[in-house]
Number of protein chains: 2
Amino acid sequence: MTSPPPSRTSLGTGAEFDLIRKLLGPQEPLPGDVRTGPGDDALVLEDGWVLSVDLTVEDVHFKREWIDLEEAGFRATAAALSDLAAMGARPVAVLLSLGLPRREMSETATALQKGADQACRREGIRILGGDVTASSGPALVDVVALGRTDRPLLRGGSRPGDQLWVTGWLGASAAALHLWSQGREPGPELRRAFARPTPRIREARWLSERLDVRSLIDLSDGLGGDAGHLAAAAGVGILLREEALPVHRDVIRTISDRDEALGLALTGGEDYELCFTVEEGTLEPWIGPFQETFGIPLTRVGRVVEGEGVRLEEPSGDTRPLERGGFSHVQAEDDR
Amino acid sequence: MTSPPPSRTSLGTGAEFDLIRKLLGPQEPLPGDVRTGPGDDALVLEDGWVLSVDLTVEDVHFKREWIDLEEAGFRATAAALSDLAAMGARPVAVLLSLGLPRREMSETATALQKGADQACRREGIRILGGDVTASSGPALVDVVALGRTDRPLLRGGSRPGDQLWVTGWLGASAAALHLWSQGREPGPELRRAFARPTPRIREARWLSERLDVRSLIDLSDGLGGDAGHLAAAAGVGILLREEALPVHRDVIRTISDRDEALGLALTGGEDYELCFTVEEGTLEPWIGPFQETFGIPLTRVGRVVEGEGVRLEEPSGDTRPLERGGFSHVQAEDDR
């Protein structure tokens, strides 16, 4: 596995990433005991420790009309643990910071903790610390996910000719969000994809033990956006094939407009599936065993090409650039 | 250095600690690669990595009438780094999560980041990651401080007969807060103690290299509260001597009521000085060299006794228990 040196500029496009670039400040050498810094899914330390943090704020990432606080705690924690999956790390512990609206601090803490604890237990770990405070505003959960791996799976190893694959089905979480925003109630599978997502921790480790995974990322910004991160990190282009996208069946059933359903799968975000590149022809033998082991498919969705950015190949054979590939909590809010 | 096994029950009293205990859930063995868990100032991992997280919320921990956002970013980061000081760890990096009020996201991010970066640079480190999102409420900063030490200084090693010491002067930050809450403006030294506190990182390492520090904590909850944590962690009592408390001179000058000034030094919180125990007679030779090196005093403020809890010895020789020793952001807000 080769990868370029960690770099701020290996983030894709979008307002959120511009802000993150700004936060990180000028690019400088990493401390001696830090192996991989800004620009990947998590910080990799000497001795294989992996560290990531994920902030969830009520009314930005979830609303109480959609899910309860226990589900919000679960979801925030699963999202943070997904960053460990994206590094091929095994989870060790979680630190949980909670901001609790006054007047309901104890109930809020209990519900958020319960959900976070469930997400931890599912991966065989638990909450080992954190911070708790009152909030004059909405509830918030900041989750530090701590893991370990001898062999981190980075973003930057793709080469032209490689194939791009994803695990599972796409668009379900975004479809739930889309339906709620229209005042409709999503069905149980779509709802569950949003409220209780599954970080693909075992899946990432299974794959990396069996084949040379060139680069890997978890789908939090949408396939378009995250493929853009992989492309930027390796200095290559990625061509996605529209017909290949594994759109979740309930998305197809529920969202009648075909382009809209496709858009949710392509740019919706927060699927928490894995997106990765391998050398051509190396993954096919493992499709069956993977499906048998985890009950979800592996789907080839595109390929790595010379150039830069992400393009979509339509059924006609025409290709078009994906201008803004991903979902952003920051997008467009800064200019009001 | 001996210390009891990490334990949830080694936290002192108070609503905030009750909530933290609740968050941590039932007590269970630590994972194999975690050395010290809940109940100390930070998580200690195999290979000497030390990890802590500190959440700051606007209008709870600071108001913009008091300090600007750059100072808020500095203060939040210094507070998190102080947890590394409390473990005797050298800082390695910081992860910064920001919640940014809509309509002013970019300015808020820039100011908070600038202050956080200054606090990092002062310790020779920098921000190496984090998360950023919009907030429907107040600005918030969650700082993950990452450090390393071969020899963590824990809370639980005190024995009856040991002496209790603190670095620097007490009460300045709490006095600034007190004055602001009365509509008064604190002088520059009090203001600075609140806005730009100094984590005593070098001081902790200097001390631990020269003598057997039995237990150590940073003063974030106030001397009374933090001494209570040391007492609880070691299963001992602590007797503080009122006359010995190194009350900051500007607190004495500004707060005319003597008991009030004393109360700020004793229970005010957020001094970020070190509070530690050593065997009787071992520290005295180092008082002069410490003062010369760091420009602040070492003051003996009490002693470790058989029993439990913290008591205050008044000038008359009478002693009284400190019922609630510390400052809590949670206290009393839950019952409304």
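This dialogue reads a few features of the structure, beginning with its overall make-up and ending with salt bridges.

Biologist: What should I keep in mind about the model and its numbering?

Modeller: This is a predicted model, in which local features need pLDDT of at least 70 and side-chain atom pairs count only at pLDDT 80 or more, while totals for chains, interfaces and linings use all residues. Residues are numbered from 1 along each chain as its sequence is written, chains are lettered from A in the order in which they are written, and side-chain values use heavy atoms, with hydrogens and water left out.

Biologist: How many helices and strands does chain A have, and what percentage of its residues is buried?

Modeller: Helices (H or I, at least four residues) and strands (E, at least two) are DSSP runs, numbered from the N terminus; chain A has 10 helices and 13 strands. Buried means under 20% relative accessible area, exposed over 50%, and partly exposed in between, with a 1.4 Å probe and protein chains only; of the 336 residues in chain A, 64% are buried.

Biologist: Which residues does A93(B) touch?

Modeller: A contact means heavy atoms within 4.5 Å. Leaving out residues up to four places away in sequence, A93(B) touches I125(B), R126(B), L128(B), V144(B), A145(B) and L146(B). A93(B) belongs to strand 4 (residues 90–101) of chain B, and A93(B) is buried, with a relative accessible area of 0%. Although A93(B) and I125(B) are 32 residues apart along the chain, their C-alpha atoms are separated by 5.6 Å.

Biologist: How many salt bridges are found over all chains, and which residue pairs with R75(A)?

Modeller: Side chains of opposite charge can pair when their charged atoms come close. A salt bridge is defined as a side-chain nitrogen of Lys or Arg within 4 Å of a carboxyl oxygen of Asp or Glu, and the search of the whole structure finds 59 over all chains. R75(A) pairs with E270(A), the closest N and O atoms being 2.7 Å apart. R75(A) lies in helix 2 (residues 69–85) of chain A and E270(A) in the loop between helix 9 (258–267) and strand 10 (274–278), so the pair ties together parts that are 195 residues apart in sequence. R75(A) counts as buried at 5% relative accessibility, and E270(A) counts as buried at 7%.

Biologist: Is D212(B), the salt-bridge partner of R214(B), buried or partly exposed?

Modeller: D212(B) is partly exposed, with a relative accessible area of 36%, whereas R214(B) is buried at 9%; their side chains meet at 3.7 Å, N to O.
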